[in-house]
Structure formats: structure tokens, C-alpha cells
Amino acid sequence: MRMSKLYMPTLREVPSEAELPSHKLLLRAGMIRKLVSGIYSYLPLGYRVIRKVENIVREEMNNVDSQELLMSAIQPSELWKQSGRWQDFGPEMFRLRDRNDREFCLGPTHEEIFTDIIRHEVKSYKQLPLSLYQIQTKYRDEKRPRFGLMRCREFIMKDAYTFDRDEEGMERAYFEMWKAYEKIFTRCGLDFKVVEGDSGAMGGSDSHEFIAMSEVGETQIAYCPKCDYAATDEKAVCSYDIHEEIGEELEKERVHTPSIKTIDNLVEFFDIGPDKFVKTLIFKVKDEVVAVCIPGNRELNEVKLVKILGVPEHELELADETIIKEATGANVGFAGPMALREKVRLLVDSRVTRMKNFVIGANETDYHIKNANYGRDFKGEVVEDLLLVQEGDKCPKCDSILKMDRGNEVGNIFQLGTKYSQALNATYLDENGKEQIMFMGSHGVGVSRTVAAIIEQYHDDNGIIWPLSVAPYHVIITVVNTKKEEQIQLGERLYKELNSRGIEVILDDRNERAGVKFKDAELIGIPIRITVGKKANEDTVEFVVRGKDERLEISSKEAFDKIKNEFEKQGLIF
RNA sequence: CGGGGUGUAGCGCAGUUUGGUAGCGCAUCUGGUUUGGGACCAGAGGGUCGCGGGUUCAAAUCCUGCCACCCCGACCA
């Protein structure tokens, strides 16, 4: 490609809307443009990177005998009603109607549609296992789209679905995908961790997430530095414990606490540790009001709560002032587990039952109660674990101290079990002619998000530093002065030779000053730069690897060897 | 959904307090000089000031309704 022809609108200044490095750089490098919030167009350079990642995904999926197909993004509501997710997916689903008022959605994921397409044709155990995938645009009306390609409402995803005879087959397929994913993200150059995930709206049992590490990542994970335990913070088992305290249960006491609402304020007021309080959080779940008691020094894990309540996540809301007043009889800040309205359901984290003489809200404005005790003063439904894991908690596997880290979820694998096959009646006949329900798996790679995640890990002050495997072009030939005949000639010659060897190369033939060309080359992150300058007539060029300081003055032939070298270093074919 | 902020040329911004003919830098176009790290000189083009309503002789500026975009929070009891 000649740069003079390339549609690459780079920006000197950062658009004010961007926050993350990946977002800023994708915009500045002319790789994407925003259409509306959370929806982007991929420009030529950006789209080349997308396709590079897609092809890596494609190759690794094909390697495990998954077959590519392509489905419509638009889906009829009927199938979603059959699985129950027309309701459960909630407001994240883009919905629309056709001219006959029939309901559709823009597919946020495709379990139903894949199940539907095979259920009519796959009828025998001989046709299983089966693994299908597609690379396609997905739609989710995110609460808050942000960070460019990281959290969009329209994004490119690879989704694979596996169909097996039994649980064992499903697990086999699961671990095959796991391995394939490790290869995919390794080839993309990513530093990633595989962690246990929550299956959430997807349903099913086991699930793992592939997290590309990043300090500004949206997903928080807990991991054990000693053993292999790692999980998202939502999923992580919280092993925090309280030893049964010994000693007398003291008489409870009503204390005037004017305008003292937060745990911080209370700690100061009572001059005791936050672990001596029990906080009561009030939630609204559809028409029901739910109160939850947890130790004052800990945070609630809403995902665990949602699971216990058996409702979709979007139906759980923190109660507003009015509901709190109705449920507790007090203003916000004084809720407690005693004397709640009858209708209020009370859940208690198991640690609370082992605490002694703690402080709770009195359900009366400006009052708390001292020396409260579970069992004597109030009772509720005891739940083993409702807490969010924290750095410093013990590993549930080996008792070492857990660490926390951040990253972006670029892939996930799920064991779905029979949730969809049952609902949509995907069955087959076994050897005995008996009808059986298929076991399914669902496996996603966020292609566009992976591109953003790569930039998060590969950039410097000057721009992107693409790994060779996903770079939009491998080499850029910078002709310093296009007015100099010998420079243009050498540039053209190298351009042709590299092209003929299948190297993807940009020739910067623009009549710009050298500085402009260098800045652009660095911004768009081409891994290898060959500068053709003053010594062109001696067949000498400059060889630079993006992100490294080293500049070599070598002959054009040596430059070829160097390029070959770089390819081999990354396990690519020259 | 709640809170905050912003909307003026492709990008970054000033102008709004105190109403009076729309500005700056970068980018773009023309001519010239320049050519190894985002050049210089001269000239030019480009705006329904987010949209609607109102006040006024006069509105980017004041009032009002809406919309869009960004940030923070979904952490508090």
C-alpha cells in the first residue's frame, strides 16, 4: 500500500471523549471513528487488525474441528421466549418489530439460534459431537458503553457452540476450547490469565474467563500466588471468617446517633472497629423488598445475592429513600434487621451469626442499637457466603493469601449443560434408540475487544506498538525525501521485493517532512520501519523495530535478513 | 437509573459573567521557500454557535423545554 493513497486520518490531538490509551490511540491512528455512543466504524487500518485477530481465531477454531458458519444478527422473539431469555435478558437486548408487528431482537448472543438450527437435522448419536462457530457482529444495549472498543453496544465476537451426547463429551469440548483459546491469545501477544467466572445470564455450570491483564481493566480478579486458583471477584469464594466469639451477650442498648450514617462515621462515633458493626442493605427486587445483613467491614457481592434470590441481575436494585423509609420506618442510614416490616425478606450472611455484641441500625432515624446478637434479637435466612472477596483473604484451595488484579475479559468458555437443549428440545437417539438431551457448550472471543486489549498492553507515548501477528502492515518504508530520485527508487524497489514475498508493506511516498512520517509510522504502530534516506545511493537503509531504541544502518539485503529474523522470532513465516 | 460536566469549522479550544456583525491553534486548499523527528512566509475556503420555543430593536451570550456526548457512582445504610 502506498501511504499517499491510504485512508488513514490520523489526529495530532486527542479527541476529548477518549480516556483509555487504546481508545485514544485507535482514534488518533485513524483506525476507528465513532458513529454514536458505543458504536464505531472500523477504518481501513483498524479493520485490517480486526481481520488479523479474526484469522488467528479462525485458524485455531478450525484446528479443533469447529466449523465456521454465519447466522443472521436479527432473530425472532419466539426462540428467546422458548428459552425464557426474552424476559431474562432485560433491557440489554435491542428489540424491534417488523411491519406486521412481529417481535425481533438484534442478537446479543446466539445459543437459541444455534440450538434451533441443529435440532431439526441432528437426530443420531452418530452425528455428535458437533462444534460450530461464527464471527459476527453482536448487539448489547449496554448500561454504559465506554472506553472505545472495550465496551461497545455493537461489537465483533466469535461465538462457538458445542453439542455432545453427555456431560463427559461436553467437558472434553470445554477443555479443547480452553487450549485453543490459550493459543489464540498467546498468538495475539497478550499477557492473560484464565480465571473462574460466573455463568450469569448464560446459565449452566462451569465457566472460565480469559482476562487480558491491564491496570485499568474493568474486571477485577482474585488469584492465588501459590496455587492455580483464580476467579473474578464476583465468582471468588470468600473465605473470610469470624471465629465464634466467646463471652457474655450483653444487654442491648438504644444509642442516639444523630446524622451518623456511614460505617466510617459510626467507627468514629463508637470508637470501635468496623468489624463490630453489621450493616443492613435494602434492595428492591421486582415488588419485593429484601434486606441483607453483612459484617460492617465487608462488601456485599451482588452476583451471589442475585443467585440466591434466583432473579436476573437487572431486577435487583438498591432501594431508594422512599422504599427504605417504608421498609424500616427510618431515613436512609439507620436500617437494621430488627423490627422490619413484615413483608421484608431478611437474608443474613453466616458470619453475622457468629459475631457477638455488635452495632446495628435501629430502624429509627438517628438511632443505632448496641450489643445486638443474632438469634436473640433477630433472625433471618442464613446464607453461607454473600461477601465480595478482598485482597488479603485466604485462598479457598490452599490457604495462601489472595492477591487482586485487573484486566479485560477477552474470552469466555461455558458449560451450558442442557439448559437450551431442553428448552428448545434438541434431542438425539442413542445406540439403544432412546431419546436423549444434548449437552451444550458456549464459547466466546471478543474480537474487537481483543484489539483494544492488545493496545492496552502494547503502546508508548508515541503510539501503538503492534505485535507482528496482528499488525495492520508488517513493514513501513519511510522515504525521507521524495524529491530525491535515488531515495524514491530504492524505496520502490524494496516495496516491490517485499510485496512479492508476501510481506505486508506500506510505502510512505508522501511529500511530507521526515518528522511527520516518523510520527505517523509510530502512531499507527507498524512493527518494522525501514528508512530510506541520505545513503540511498549507497544502498544503505536504516532498520528500526517499533518500541526499541536501536537503529541499524545496513544494506537493503541485510534489512531483508533482519525482517526475516523478526518474523521467525515471533514464530511467523517469512 | 442517580450525580456532575460539556456541546462554537475536521480536531483541540476561547468568546457566554456584563446581549451589539463569529474568533484562535492545528488540519485543509493555492503559491513560494524548505526536506532525518509533527517546517516557514503569503493568501484562501470552511460555522443553521446541538435542536425547538420565548424575552429583546438585537441572542453563541438571558429564560425555557428537549437531544446528544463524556465522566463519576452504582461502594451508602
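## Domains, strands and the RNA surface of chain A

The C-alpha centres of domain 1 and domain 3 are 40 Å apart. These are two of the parts into which chain A is divided: domain 1 covers 21-189 + 418-455, domain 2 covers 253-383, and domain 3 covers 473-569. The model is predicted.

**Overall form**

Measured out along its principal axes, the C-alpha trace of chain A spans about 95 × 70 × 55 Å. Its secondary structure comes to 14 helices and 31 strands. Of the 574 residues in chain A, 42% are buried. Taking contacts between residues at least 6 apart in sequence, 71% join residues at least 24 apart.

**Strand pairing**

Several strands of chain A are joined by bridges, and four of these pairs are set out below.

| Strand pair | Direction | Bridges | Example of partners |
|---|---|---|---|
| S3 (residues 67-68) and S7 (residues 130-139) | parallel | two bridges | Glu68 and Tyr133 |
| S7 and S8 (residues 154-164) | antiparallel | ten bridges | Leu132 and Tyr161 |
| S13 (residues 253-256) and S19 (residues 367-372) | antiparallel | four bridges | Glu253 and Lys370 |
| S18 (residues 358-361) and S19 | antiparallel | three bridges | Gly361 and His368 |

Strand S7 thus appears in two rows: it runs parallel to S3 and antiparallel to S8. Strand S19 also appears in two rows, pairing with S13 and with S18. S18 and S19 form a hairpin with five residues between the strands, and in this hairpin Asn363 takes a positive phi near 60°.

**The nonpolar core**

The largest nonpolar core has 145 residues. Within this core, the residues with the most contacts are Val53, Val292, Val475, Ile477, Ile526 and Ile530. Helix H6 (residues 167-187) contributes the largest share of the core, eight residues.

What is Val53 in contact with, leaving aside its neighbours within four places in sequence? The residues are Cys188, Val447, Thr450, Val451 and Val470.

**The surface near RNA strand B**

RNA strand B is surrounded by 47 residues, and the closest are Ser37, Ile263, Ala514, Gly515 and Gly533. By class, the surface near the RNA strand has 18 nonpolar, twelve polar and 17 charged residues. Strand S14 (278-285) and helix H13 (514-524) each supply at least two residues of this surface.

Which element gives the most to the surface near RNA strand B? Helix H13 does, with eight residues.

**Helix H13**

Helix H13 also has buried residues: Lys517, Asp520, Ala521, Glu522, Leu523 and Ile524. An α-helix has 3.6 residues a turn, so residues three or four places apart point the same way. The buried residues of H13 pack against two helices, H1 (21-28) and H2 (44-63). They also pack against four strands: S26 (463-464), S27 (475-479), S28 (505-508) and S29 (528-532). After H13 comes Gly525, which has a positive phi near 75°.

Helix H13 therefore enters this account in two ways, which can be put side by side. It gives eight residues to the surface near RNA strand B, and its buried residues pack against other helices and strands of the chain.

Definitions and conventions:
Residues numbered from 1 in each chain as written. Chains lettered and ligands numbered in written order. Predicted model: local features only at pLDDT ≥ 70, side-chain atom pairs only at ≥ 80, totals over all residues. Near = placed C-beta within 6 Å. Nonpolar A, V, L, I, M, F, W, Y, C, P; charged D, E, K, R; others polar. Core = buried A, V, L, I, M, F, W, Y, C linked by C-beta atoms within 7 Å. Buried ≥ 20, exposed ≤ 12 C-beta atoms within 10 Å, placed from the backbone. Contact = placed C-beta atoms within 7 Å. Domains from an automatic or database assignment. Pairing = 2+ DSSP bridges.
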